[in-house]
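Welcome, and thanks for taking a look at this one. Please have the sequence and the 3D view open side by side while you read the briefing below.

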Number of protein chains: 2
Amino acid sequence: MVATSESVGTTTVPTARMSADARRAQLIEIGWDLLQERPIHELALDEVAARAGISRTLLFHYFPTKADFYVAVVSAASDQLLRPPRVPDDAAPPERIRRLVEGFVRLVERNRGSYTTLVRAAGGGDQRVVDLIARTRDALVPRWLDAAGNPDVGPLAHLVVRGWLVGMEETVLSWDPLLVPREELIDHLVASFIAELGLANAAAR
Amino acid sequence: MVATSESVGTTTVPTARMSADARRAQLIEIGWDLLQERPIHELALDEVAARAGISRTLLFHYFPTKADFYVAVVSAASDQLLRPPRVPDDAAPPERIRRLVEGFVRLVERNRGSYTTLVRAAGGGDQRVVDLIARTRDALVPRWLDAAGNPDVGPLAHLVVRGWLVGMEETVLSWDPLLVPREELIDHLVASFIAELGLANAAAR
DNA sequence: ACGTTTGTTGACAGATGCTCAACAAGGCAG
DNA sequence: CTGCCTTGTTGAGCATCTGTCAACAAACGT
């Protein structure tokens, strides 16, 4: 059976010869779409191949192993989603923190599904994915410290900010706008971060 | 080949007829041991059966599906590990909070491996496991609020405490005792919780 | 001693990750 | 235009693992 143009699932795919880069990109996008519906261990590569209109063999040609494919997909999504927030201008520290908080809340509001998919991936999947998320979080810490007008401040502050970021993530992800007004949430997060950092610095004497 | 007494791996297993309960308990314990070495999708039920000295079929007799087995294992571990901390006595709120924090730090110190296994399970695995961990966390919130002398206080406080708990978990798990003294960590966590709760209550007017 | 319950197993079916050797489409030299 | 050569692409097959089925055998009651 000669491969013809076929519309499978969401994506309409002319099954013709494609450049390697285009194929990779297409497969990664399909993978990302499917990963938002179900976790990786419930996703058969058969289905990815079918949606792309290619054979499973070709998928293995681009990604030697299922784990490799998984890492590539999560990595691409992470690049796009956790793109470092541009620390805005040179306003006063409280305002800069507020901007960061607002940025994150907006991010979650717009991509709640994608974001939860990503953090879910952080837990269960490949070790490389765990490391990826861990590195991303580590990279975030100095950015927030900087926005607070606090260049490096010792190990406790690092530790504490890291924990606070994870806590904020959890808070925003389980936030129900019907129960807590958006503004109230943001106000609290800003005040919380400043208080937390104040405590950490006081403890460091 | 008649099943005889055989010592496989860690557990010495007389492969004889066992009571259903004993078998279940044995299999769950073996599963937990193995889960601490590698994530669920890298664990073949063959190996569990082999360690128990039984056939894979028998395992399926007790747990209809691999996911069921997984849930049973994680659930048992969770019961044992996340056993609700006994809120000690009727000391003043700050002291009670301190006790809770110390309890958690001690828990992580003694079972770091097990605990990370558990939270890793919270992310990647079965939906039932995710729900289990979520419920456990939810159940923790009122306990901490209570210890702080704050009976219910509205949605924001709940949300904030939930996020704070997750943040604390992250903080303690990535804590390096060589960089931050134990006492300093605990002092900060106690002060942080109190400050956080104060902010949330102030916001609720 | 016989039968019923139930712990236990080997053999098989279906799905899925992964390999291998070969085909075919496009570009480039002669 | 012809023929080669790179490379995107595939079908068939292998190994592993989950889950099923029918039957065996050890305890226990009658």
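Which helices of chain A and chain B each supply at least two residues of the surface near DNA strand D? They are α1 (20–35) and α3 (56–62) of chain A together with α2 (45–52) and α3 (56–62) of chain B. This is a predicted model, in which local features need pLDDT of at least 70 and side-chain atom pairs count only at pLDDT 80 or more, while totals for chains, interfaces and linings use all residues. Residues are numbered from 1 along each chain as its sequence is written, chains are lettered from A and ligands numbered from 1 in the order in which they are written, and side-chain values use heavy atoms, with hydrogens and water left out.

**Chain A**

- Chain A has 9 helices and 2 strands (DSSP runs numbered from the N terminus: helices are H or I with at least four residues, strands are E with at least two).
- Along the sequence, the order of elements in chain A is β-β-α-α-α-α-α-α-α-α-α.
- Of its 205 residues, 44% are buried (under 20% relative accessible area, with a 1.4 Å probe and protein chains only).
- Counting contacts in chain A (heavy atoms within 4.5 Å) between residues at least 6 apart in sequence, 70% join residues at least 24 apart.

**DNA strand D**

- Strand D is surrounded by 22 residues (near means that a heavy atom of the residue lies within 4 Å), and the closest are A:Arg23, A:Thr57, B:Arg56, B:Thr65 and B:Lys66.
- Sugar and phosphate make up 54% of the atoms of DNA strand D that come within 4 Å of the protein.
- Phosphate oxygens of strand D lie 3.0 Å from a side-chain N or O atom of A:Arg23, 2.7 Å from one in the side chain of B:Thr65 and 2.6 Å from a backbone N or O atom of B:Lys66.
- α3(A) contributes the largest share of the surface near DNA strand D, 5 residues.
- By class, this surface holds 10 nonpolar, 5 polar and 7 charged residues (Ala, Val, Leu, Ile, Met, Phe, Trp, Tyr, Cys and Pro are nonpolar; Asp, Glu, Lys and Arg are charged; the others, Gly among them, are polar).

**DNA strand C**

- Around DNA strand C there are 21 residues, of which A:Arg56, A:Thr65, A:Lys66, B:Ser55 and B:Thr57 come nearest.
- Here sugar and phosphate account for 57% of the strand C atoms within 4 Å of the protein.
- Phosphate oxygens of strand C lie 3.0 Å from a polar side-chain atom of B:Arg23, 3.0 Å from a polar backbone atom of B:Ser55 and 3.3 Å from a polar backbone atom of A:Leu45.
- α3(B) gives the most to the surface near strand C, with 4 residues.

**Where chains A and B meet**

- Chain A and chain B bring 30 residues each to their contact.
- About 2,600 Å² is buried between chain A and chain B, and carbon and sulfur atoms give 68% of that (the accessible area, 1.4 Å probe, that two parts lose on being put together, summed over both).
- A:Leu159, A:Glu170 and A:His188 supply 23% of the area that chain A buries against chain B, more than any other three residues.
- There are 2 salt bridges between the chains (a side-chain nitrogen of Lys or Arg within 4 Å of a carboxyl oxygen of Asp or Glu), and B:Glu170 and A:Arg162 meet in a salt bridge at 2.1 Å, N to O.
- On the side of chain A that touches chain B, α8(A) gives the most, with 10 residues.

How values were computed. A polar contact is a pair of N or O atoms within 3.5 Å; within protein, one must be able to donate a hydrogen and the other to accept it, and residues adjacent in sequence count only if both atoms are side-chain atoms. Buried means under 20% relative accessible area, exposed over 50%, partly exposed in between (1.4 Å probe, protein chains only).
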